[in-house]
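Biologist: Could you take me through one part of this model slowly, the place where the protein meets the DNA? I'm new to this, so please keep it informal and link it to how the chains sit together.

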Protein chains: 2
Amino acid sequence: MLTIGRLAAYAGVTIRTVRHYHQVGLLPEPERDASGYRRYGAGDVVALIKIRTLADAGVPLSEIDGLLRAGPAGFAEAVQRIDARLAGEIARRQTSREQIARLAAGDVASLPPEVIDYLRRLRELGVSERILAGERDGWIIMAARWPDEVVTWIPAKIAQLQDPRLVRLYLLMSEAVDDGAPDDSLLTGIVDLLAALLAEAEWTDPGEDLPFDLLDALADEAGPRAERLRQMMRERGWDGWTRQRRVS
Amino acid sequence: MLTIGRLAAYAGVTIRTVRHYHQVGLLPEPERDASGYRRYGAGDVVALIKIRTLADAGVPLSEIDGLLRAGPAGFAEAVQRIDARLAGEIARRQTSREQIARLAAGDVASLPPEVIDYLRRLRELGVSERILAGERDGWIIMAARWPDEVVTWIPAKIAQLQDPRLVRLYLLMSEAVDDGAPDDSLLTGIVDLLAALLAEAEWTDPGEDLPFDLLDALADEAGPRAERLRQMMRERGWDGWTRQRRVS
DNA sequence: TCGAAGGTTGACGCTGCGTCAGGGTCAAGC
DNA sequence: GCTTGACCCTGACGCAGCGTCAACCTTCGA
């Protein structure tokens, strides 16, 4: 006759595990001795080992009882199911590993390499890190919702960078955000340039259902200076950030 | 300004998930409007997407906050840790798959192939399934505790099967357990044969710390007939099942 | 004005035990 | 007979990451 501790030791589990199996009905409660101790027999050792064998193989406890009672056919079928589940879990973790590998390479929010490349170009042009962070946030939102489309927008964005006036705009804005207290002439220069570019060409509109309001809000959240610029633009008849429209 | 539902939709998560992140402090609670609704900004969308990116990559929620605040070095180190954890989980599940593959082939309690082979030989000799089940249970106990040693005992066991008297003993016992009410002459024959074999040669003793008492108990749990046999053996001066000793 | 759709807090459920609290029991040495 | 240490008992919370009620309030469109 065995105590619960010796039983557990034979099967290589903890006492708590044995009691848990009693609780869920996986292992029947044995007789008690006069002092209330559980007393086990050799058959319990075998039963417990069988349970552990299946549990170690990844079978959920809730299915083990059925498996032990199943015939060869049911057993084989259940084994199939469990193997498929394990395979799925492995696959999920493998994609996770690829994901975090990409995260380690890029930044914290896995963007497609094309976007990463576009951001790199901006940085090389001397655009401020603050502006870059805002750009990246915008792309993060877009990439989350349209992961396949964003990469198709990139060539046009890169082509736009050929225009030295746009580059100059970016640099002026960089100066504005990095300078503690930019004078009004800088802001005026930005607005002039922006208005000129807008007047010249309608921006290519990549789609109607895109969350421009959200991206605009993102820009506005950058701080009071952004709002000031927006106000100045509105005075010249333009509204919005990511899709400017003529107003008034 | 976004409601919780729209925020959740942007990030591709459920409302419950967003609230959970608030609860654990992963995402800061936003302002409320007059009616108590949470109002989110675009920055929250970005923050939530970043969180989900890491969570989808298998990062535990408790580590995500630290990761988002970490510098490149800390980030890389954390990524290393998480990747190692994922690799471990994958490895565990792969061994699980191998395990259940073996279970599907053999029986419910993965025994080493040598033992499976030994049991197959017994079955081919015509030994009863009931006896076989008992034998298998015994081997299960042994294999659980001495997985490496059991395979070394098998050759001797197989060699013993060359003795036609031992085979005959097995068959007589099979008859005894399968027959509803075996007559005493059958039991006497078993005891005679067993005593003769014992008298002739000491069984090879595979080790001192083996749980003979447990195996004996296992045999006894087979039912009253086993106890009867043991009693008859004791009358002839032998005790125990798996390691018989002379008594008196 | 009404109903559907969306929001609020609070709480339990799931897996497989680990761990703590607050005891009783057994065997051995003094 | 007493202490000590190793066991055993029940009961209950905790863990990760939400899903899923329940019971109620708000907003919006017809």
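Modeller: Let's start with the backbone: in this predicted model, a polar backbone atom of B:L61 sits 3.2 Å from a phosphate oxygen of DNA strand D. Side chains get involved too. B:T14 has an N or O atom in its side chain that is 2.8 Å from a phosphate oxygen of strand D. B:R16 goes for a base instead of a phosphate, with a side-chain N or O atom 2.9 Å from a base oxygen of DNA strand D.

Now zoom out to the elements around the strand. Those that give two or more residues to the surface near DNA strand D are α1 (4-11) and α2 (15-23) of chain A, plus α2 (15-23) of chain B. Of the contributors, α2(B) gives the most, with four residues.

How many residues surround DNA strand D altogether? There are 20, and the closest are A:T3, A:G5, A:R19, A:R38 and B:T14. You've already met B:T14, with its side chain 2.8 Å from a phosphate oxygen. On the DNA side, 72% of the atoms of strand D that come within 4 Å of the protein belong to sugar and phosphate. As for the kinds of residue at this surface, you get seven nonpolar, seven polar and six charged.

Since both chains turn up at the DNA, let's see how they meet each other. Chain B puts 47 residues into the contact, and chain A puts in 47 residues as well. People often give the size of an interface as the accessible area lost when the parts come together. Here chain B and chain A bury about 4,200 Å² between them, with 72% of it on carbon and sulfur atoms.

There are charged links across this interface too: the rule finds six salt bridges between chain B and chain A. One of them joins A:R93 and B:E89, whose closest N and O atoms are 2.5 Å apart. The rule also finds 13 residue pairs in polar contact across the interface, both residues being at pLDDT 80 or more.

On the chain B side, the elements giving two or more residues to the face that touches chain A are α1 (4-11), α3 (42-56), α5 (72-105), α7 (129-145) and α11 (212-220). The one that gives the most is α5(B), with 16 residues. Sort that side of chain B by class and you find 28 nonpolar, nine polar and ten charged residues.

Notes
Residues numbered from 1 in each chain as written. Chains lettered and ligands numbered in written order. Predicted model: local features only at pLDDT ≥ 70, side-chain atom pairs only at ≥ 80, totals over all residues. Heavy atoms only, no water. Near = heavy atom within 4 Å. Polar contact = N/O pair within 3.5 Å; in protein donor to acceptor, adjacent residues only side chain to side chain. Nonpolar A, V, L, I, M, F, W, Y, C, P; charged D, E, K, R; others polar. Contact = heavy atoms within 4.5 Å. Buried area = accessible area lost by both parts, 1.4 Å probe. Salt bridge = Lys/Arg side-chain N within 4 Å of Asp/Glu carboxyl O.
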